[in-house]
Amino acid sequence: MSLVRKYVPVVVKPVLTIIVALLLGAVIIASSGNSPATAYAVLFNGAFGSSYGVMETLCKATPLIFTGLASAIAFKAGVFNIGVEGQLYLGALAAALTGVYLGHLPSLVVIPLCFLAAMVAAVAWGMIAGVLHVKLKINIFIMFFMLNNMAILLTEYLANEPFRGEIPVPATAKVQPNALLYRFSNLSTLNVGFVIAIVLALILFFVFAKTKFGYEMDALGKNPLFARYIGIHAESKTLILLALSAMIAGMAGAEQAIGTMDRFYAGFSNDLGFTGISVALLANNNPIGVIIFAIFFGALTNGG
């Protein structure tokens with residue numbers, strides 16, 4: 001019973017939040033003279049009314065699970081990584097270029113290399129703000145806002161000049177077939193990245209709930225002074241958590257580049273990083289809640 005009381009709210013709270021949001025939406029729709037039942041029927045049918053609709057909803061949810069987890073792992077420890085958007089862009093470009101230039105290697109080699117390149121690029125970009133914040137106490141919010149814009153512009157330049165592909169828009173060449181993630185159907189771009197995201201969420205849920213590292217993260221986020229008192233080195237932990245958060249953001253970019261787009265397109269994100277922040281906050285930084293809200297946002301995007 002204690003396990004039920006502990007873990008049932010993990011699912012119930014996000015679901016109740018979604019129900020309240022839908023009820024508020026119904027009031028707004030009704031006040032405009034339209035039928036909430038008709039509107040939600042169209043929305044639900046578009047998102048879940050067919051196998052294609054379900055696959056596209058999960059496809060839209062996949063990057064949001066990654067960016068939601070990237071935000072949650074930082075927010076839970078009181079480290080506000082609002083640079084997920086920029087880290088996602090660098091990760092996507094690095095993964096795409098790896099898939100272009102090393103795509104002749106076997107899939108079991110090149111796909112992990114694509115993810116590794118994405119994570120390294122994202123961490124390197126995120127550490128600019130992290131190190132300056134920890135060592136020089138520069139405001140991390142301002143740095144991340146600037147770095148997000150810089151990442152978007154830098155990747156646009158790289159995709160438009162030195163790494164321009166064969167199509168007449170700022171984009172890299174197409175990733176070679178060996179570097180592409182497996183897709184579940186020819187009808188949709190839903191790929192194995194969704195499974196990776198779910199497994200990652202479950203691992204983080206276990207880490208948060210059952211490990212010393214998870215306890216230290218929780219202590220650091222709730223009471224930094226107490227965390228220092230029990231021997232947690234706040235500065236080093238902050239950098240570690242930012243690095244882990246950036247790694248997951250880079251994975252989101254890699255999934256988009258080699259799973260959905262098959263190349264890097266400048267300006268592709270449409271605020272996936274910032275939406276992931278919303279997902280994490282609504283989920284109260286709980287990985288299971290992140291999955292639920294990411295699918296909810298995916299359904300809104302696909303069914304809308």
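## A tour of packed helices

Start with helix α4, which passes α5 in a right-handed crossing. Keep in mind as you look around that this is a predicted model. Select residues 84-101 for α4 and residues 107-136 for α5: the two pack at an angle of about 145°, and their axes lie 7 Å apart.

Now show the side of α4 that takes part. G86, Q87, L90, G91, A94, A95, T98 and G99 are the α4 residues in the contact. Facing them from α5 are V110, L113, C114, A117, A118, A121, A122, W125 and G126. Colour this contact by class and you should find eleven nonpolar residues, six polar ones and no charged ones.

While α4 is still selected, switch to colouring by pLDDT. Where in the chain is confidence lowest, and where is it highest? The low end is helix α9, residues 224-229, with a mean of 67, while the high end is α4 itself, with 96. Over the whole protein chain the mean pLDDT is 88, and 94% of the residues reach 70 or more. A word of care for the low end: where pLDDT is low, the predicted coordinates should not be read in detail.

Next, select helix α3, residues 51-75, and zoom in on K60 and E56. Both residues sit in α3, four residues apart, or about one turn of the helix. Their side chains meet in a salt bridge, with an N to O distance of 3.3 Å. Side chains of opposite charge can pair when their charged atoms come close. In total, the count comes to three salt bridges.

Stay on α3 and add helix α11, residues 272-282. The axes of these helices are 7 Å apart and the packing angle is about 60°, which makes α3 oblique to α11. The crossing of α3 past α11 is right-handed. To see who touches whom, pick P63, L64, T67, G68, S71, A72 and F75 in α3, then L272, G273, T275, G276, I277, V279, A280 and L281 in α11. By class, this contact has nine nonpolar, six polar and no charged residues.

For the last stop, hide α3, keep α11 and bring in helix α12, residues 287-303. Here the axes come within 8 Å and cross at roughly 130°, so α11 and α12 are oblique to each other. α11 passes α12 in a right-handed crossing. On the α11 side, select T275, V279, A280 and L282; on the α12 side, select V290, F293, A294 and F297. What classes do the residues of this contact divide into? Seven are nonpolar, one is polar and none is charged.

Methods
Residues are numbered from 1 along each chain as its sequence is written. This is a predicted model: local features need pLDDT of at least 70, side-chain atom pairs count only at pLDDT 80 or more; totals for chains, interfaces and linings use all residues. Side-chain values use heavy atoms; hydrogens and water are left out. Axes are lines fitted to C-alpha atoms, for helices over the stretch in contact, and angles run from 0 to 180 degrees between N-to-C directions. Angles under 35 degrees count as roughly parallel, over 145 as roughly antiparallel, 65 to 115 as roughly perpendicular and the rest as oblique. A crossing is left-handed if the near helix is turned anticlockwise from the far one by less than a right angle, and right-handed if clockwise. Contact means heavy atoms within 4.5 Å. Ala, Val, Leu, Ile, Met, Phe, Trp, Tyr, Cys and Pro count as nonpolar, Asp, Glu, Lys and Arg as charged, and the others, Gly among them, as polar. pLDDT is the predictor's confidence in each residue, from 0 to 100. A salt bridge is a side-chain nitrogen of Lys or Arg within 4 Å of a carboxyl oxygen of Asp or Glu.
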